[in-house]
Amino acid sequence: MIVAPSILSADFLHLGRDVEMVNESEAGLIHLDVMDGVFVPNISFGFPVIKSISKIARKPLDVHLMIVEPQKYISQVRDCGAEYMNVHLEACTHLHRTVEAIRAAGMKPAVTLNPATPVSLLEDIIGDLDMVLLMSVNPGFGGQKFINHVLLKIVKLRKLIAESGSDAFIEVDGGINLDTVPLVADAGADIVVAGSAVFGSDNPRETIARLASF
Ligand code: DX5
Ligand code: ZN
């Protein structure tokens with residue numbers, strides 16, 4: 001399993017130290033949650049923080065935008081050094097145009113689905129994506145409980161990806177810990193995001209390695 005530690009749960013007073021920990025760990029990506037207080041009922045951090053992180057990060061940046069009108073910020077996300085730009089399907093009126101613009105800017109396009117959004121809505125765009133992020137909590141906060149029905153969505157998405165010949169990764173975000181990661185792995189996910197399970201543990205680096213072993 002590829003692990004993407006979520007900086008939302010890091011210690012913002014010691015951000016450099018926490019990013020170095022991720023650099024030295026078995027993590028495959030660094031997950032960065034941008035919230036606008038409109039699309040989700042919370043505000044996190046923005047581009048200046050991501051830009052600073054990118055100066056020392058040695059893992060690719062996975063930027064998860066929980067904001068309205070994410071298409072307005074494509075060049076800013078690119079200038080932060082993002083590898084993946086994750087936009088919510090629910091926030092995009094012209095999803096195809098946004099995905100094309102993300103790729104034209106030199107990033108890998110990824111689309112995120114809230115728990116109530118069906119996988120079938122990706123049917124006509126799956127071939128254009130490098131990643132699909134399935135939310136396994138309602139977005140906005142770390143430390144929430146994993147919603148079990150996302151397991152069925154992972155299975156459906158795996159089938160859709162196989163049928164379409166796409167090679168998009170399946171990423172799952174929310175409530176991932178050592179109890180839920182085996183379920184998500186069995187269902188067919190490639191990448192897990194983990195915030196509180198990593199940064200709230202006594203040994204974050206070891207927790208990343210344990211999550212990665214599934
Ligand atoms: C939630 C964010 C997540 C969050 C996950 O809206 O998208 O990335 O950091 O936190 P945990 O792993 O604690 O559920
Ligand atoms: Zn996230």
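**Reading contacts, strands and rings in a predicted model**

Reply: An oxygen atom of ligand 1 is 2.7 Å from an N or O atom in the side chain of Ser 6. This is a predicted model, in which local features need pLDDT of at least 70 and side-chain atom pairs count only at pLDDT 80 or more, while totals for chains, interfaces and linings use all residues. Residues are numbered from 1 along each chain as its sequence is written, chains are lettered from A and ligands numbered from 1 in the order in which they are written, and side-chain values use heavy atoms, with hydrogens and water left out.

Me: Which side chains other than Ser 6 have a polar atom listed beside an oxygen atom of ligand 1, such as that of His 31?

Reply: A polar contact is a pair of N or O atoms within 3.5 Å; within protein, one must be able to donate a hydrogen and the other to accept it, and residues adjacent in sequence count only if both atoms are side-chain atoms. Here a polar side-chain atom of His 31 lies 3.4 Å from an oxygen atom of ligand 1, and for Asp 33 the distance is 2.8 Å. The protein covers 100% of the 380 Å² of accessible area that ligand 1 has on its own (Shrake-Rupley method, 1.4 Å probe; for residues, only the protein chains shown count as cover).

Me: How is strand 5 placed, enclosed or open?

Reply: Helices (H or I, at least four residues) and strands (E, at least two) are DSSP runs, numbered from the N terminus. A residue is buried under 20% relative accessible area, exposed over 50%, and partly exposed in between (1.4 Å probe, protein chains only). In strand 5 (residues 108-113), five of the six residues are buried, so the strand is largely enclosed by the rest of the structure.

Me: Which strands pair with strand 5, and by how many bridges?

Reply: Two strands pair if DSSP finds at least two bridges between them. Strand 4 (residues 82-88) runs parallel to strand 5 and is joined to it by five bridges; Val 87 stands opposite Val 111. Four bridges join strand 5 to strand 6 (residues 131-135), also in parallel, and there Leu 113 has Leu 134 as its bridge partner. Also in strand 4 is Asn 86, which is buried at 0% relative accessible area; its side chain makes a polar contact of 3.1 Å with the side chain of Thr 112.

Me: How should an aromatic pair be read?

Reply: A pair of aromatic rings is described by the distance of the centres and the angle of the planes. Rings of Phe, Tyr and Trp (its six-membered ring) pair if their centres lie within 6.5 Å; planes under 30 degrees apart count as stacked, over 60 as edge-to-face and the rest as tilted. The structure holds two such pairs. The rings of Phe 12 and Phe 45 have centres 5.9 Å apart and planes at 85 degrees, so this pair is edge-to-face. Phe 12 is partly exposed at 47% relative accessibility, whereas Phe 45 is buried at 10%. For Phe 47 and Tyr 73, the centres are 5.9 Å apart and the planes at 40 degrees, so the pair is tilted. Phe 47 in helix 2 and Tyr 73 in the loop between strand 3 (61-66) and helix 3 (74-79) are 26 residues apart.

Me: What is notable about the phi of Glu 69?

Reply: Most residues other than glycine have a negative phi. Glu 69 has a positive phi of about 50 degrees although it is not a glycine. Glu 69 lies in the loop between strand 3 and helix 3 and is partly exposed, with a relative accessible area of 36%.
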